[in-house]
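This report looks at the cysteines of a protein model and then at the surroundings of a single arginine.

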Amino acid sequence: MPSHLFTSESVSEGHPDKICDRISDEIVDMYLGTGDERVRVGCETLCTTNLVVIAGEVRPDPDRAAIEAKAREVIRDIGYEQESFHWEKAVVDVRLHHQSTDIARGVDASETKDEGAGDQGLMFGYACLETPAYMPAPIHYSHGILKRMADDRRAGKIPGILPDSKSQVTLAYDENGTPFRAQSIVVSTQHEESLTMDGVEEIVQGIVKDVMPDGWIDDDTRFHINPAGPFITGGPDGDCGLTGRKIIVDTYGGSAPHGGGAFSGKDPSKVDRSAAYAARYLAKNIVAAGLAERCTIQLAYAIGESDLLSFYVNTHGTCQVDESRLTPTLREMVDLSPRGIRQRLGLSRPIYARTAAYGHFGRDPEADGGFSWEKTDLVPELKSAFA
C-alpha cells in the first residue's frame, strides 16, 4: 500500500459520555453481582449540569436507592466535586423499569428453545500486529496518553489537571503499512484556572513523550495542546453526556468496521456486546497464532435466535494458511451461540465497569475474568489445526 497518515481519538473517564458509560456499566455489574443468570440490563444514562438521568429496562425490578447511590459513587470516584457537577449535589433521576415481556420471551431459554440473541445485529472484531496488544497503533496510543494522565492526576503528580480530556493521534505509515512516527498529537484537557497554558502544555507534552514509542516523536511532530485556549468549564457542565456515544473510541479507532451497536449498559445476553467481544477474541487468536498479520471477523444474529446468521473472516491478503479453512475451523472450536459465548468467555460476572474508559480491547486479561476476550488460549489449537 502507499505510505499514508491515519488518525484516531480517545476520551478520558471524565468526558461526559464516558461518565454515562461508567454509570451504566456499574449498574450492569450491580445486577450481575447477584449471581442470577436471569438478570437482564439495558441501561442508558444522560448527564448534564448537576443532573443525571438513568433510564432503560432491567430484570428484576430496580432498587432505585441503590442505583442512585452507585451513580454518586461513580461521579465521586472520577473526581467531580465542581459546583456545577458535584457527586453530592447533582439530582439523580432513576427511570429504569421492568424488562419487556416480549423481549424476555424471545431471549430466555425454555424447554423448546436455547437462549436467543438479545437483539438483531452485526458485530465486528479486529486484530493486527501494529502493537504488542494486537491493536491499531493510533487508538492504542490515544488511549495510553489519557490513561497516563488519569493515573497521574489520581496520584497527585499533575496538580491543576481536571478529569475531562480528549486526545487525537495521527501516525505516519510506510509502504508496508507499518506505523513509524507521530505526525501530530492533539490533547485538550480541562484544568484549574490557576494553571497557565504553558503549564498545561508542559505537563501534557511530558506525558505524550513518555507514552509514545522511542523515536516516534521528532522535530517535525506537531503538538496541539488545548488548541481552543483555556479549558476551565468541562465535564457535564460544559457538554451533555450520553451512554454509547463513543463506539469508535471503544473499539478500533476507525481502523476496522463497526456494526453500530454500543456496549455499555448491556448485559451479555445482548450480542451487541458479547458477540463483539467474541469476534475480537477470534481475530486476536488468529493473528497471535501467526496465521495472519491482520484479521477482521463479522458475526450476525437475529433477535431470539441462537444460531449465527453469518460468519465472515477477512485477513486482508495477509493469510499464511488456506483462508477458506478459517471459518469452519473456528466454528468447530468455539460455540458462537449467545449462551456459548457467555460461557466460553465467562461473561456473566461483574466485570464491565472497568471497560467503560480507555477501550474495550487491547487490555490485559485479569484474574477475575475481566477482559477475558483478550486471552490467546486458542493459539495452540489453531497452530495444531493448521500445522
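The text below treats the cysteines first and the arginine afterwards.

The model is a predicted one, and a search of the whole structure returns 0 disulfides. C43 takes part in no disulfide, since the cysteine sulfur nearest to that of C43 belongs to C20 and lies 9.7 Å away, whereas a disulfide is a pair of cysteine sulfur atoms within 2.5 Å. For C128, the closest cysteine sulfur is that of C295, and because the separation is 11 Å, the two sulfurs are too far apart for a bond.

Burial can be set out for three residues, including two of these cysteines and the arginine discussed next.

| Residue | Relative accessible area | State |
|---|---|---|
| C43 | 0% | buried |
| C128 | 1% | buried |
| R181 | 12% | buried |

R181 belongs to strand 9, which covers residues 179-191. With a relative accessible area of 12%, R181 counts as buried because that value falls under the 20% cut-off.

What does R181 touch, once its neighbours within four places in sequence are left aside? The contacts of R181 are then T170, L171 and A172, together with W216, D218, D220 and T221. Within this set, D218 also engages R181 through a polar contact between the two side chains, at 2.9 Å. A further relation across the sequence is that of R181 with D214, a residue 33 positions away along the chain, whose C-alpha atom is separated from that of R181 by 9.3 Å.

Note on methods. Residues numbered from 1 in each chain as written. Predicted model: local features only at pLDDT ≥ 70, side-chain atom pairs only at ≥ 80, totals over all residues. Heavy atoms only, no water. Buried < 20%, exposed > 50% of the residue type's maximum accessible area, 1.4 Å probe, protein only. Helix = DSSP H or I, 4+ residues; strand = E, 2+ residues; numbered from the N terminus. Contact = heavy atoms within 4.5 Å. Polar contact = N/O pair within 3.5 Å; in protein donor to acceptor, adjacent residues only side chain to side chain.
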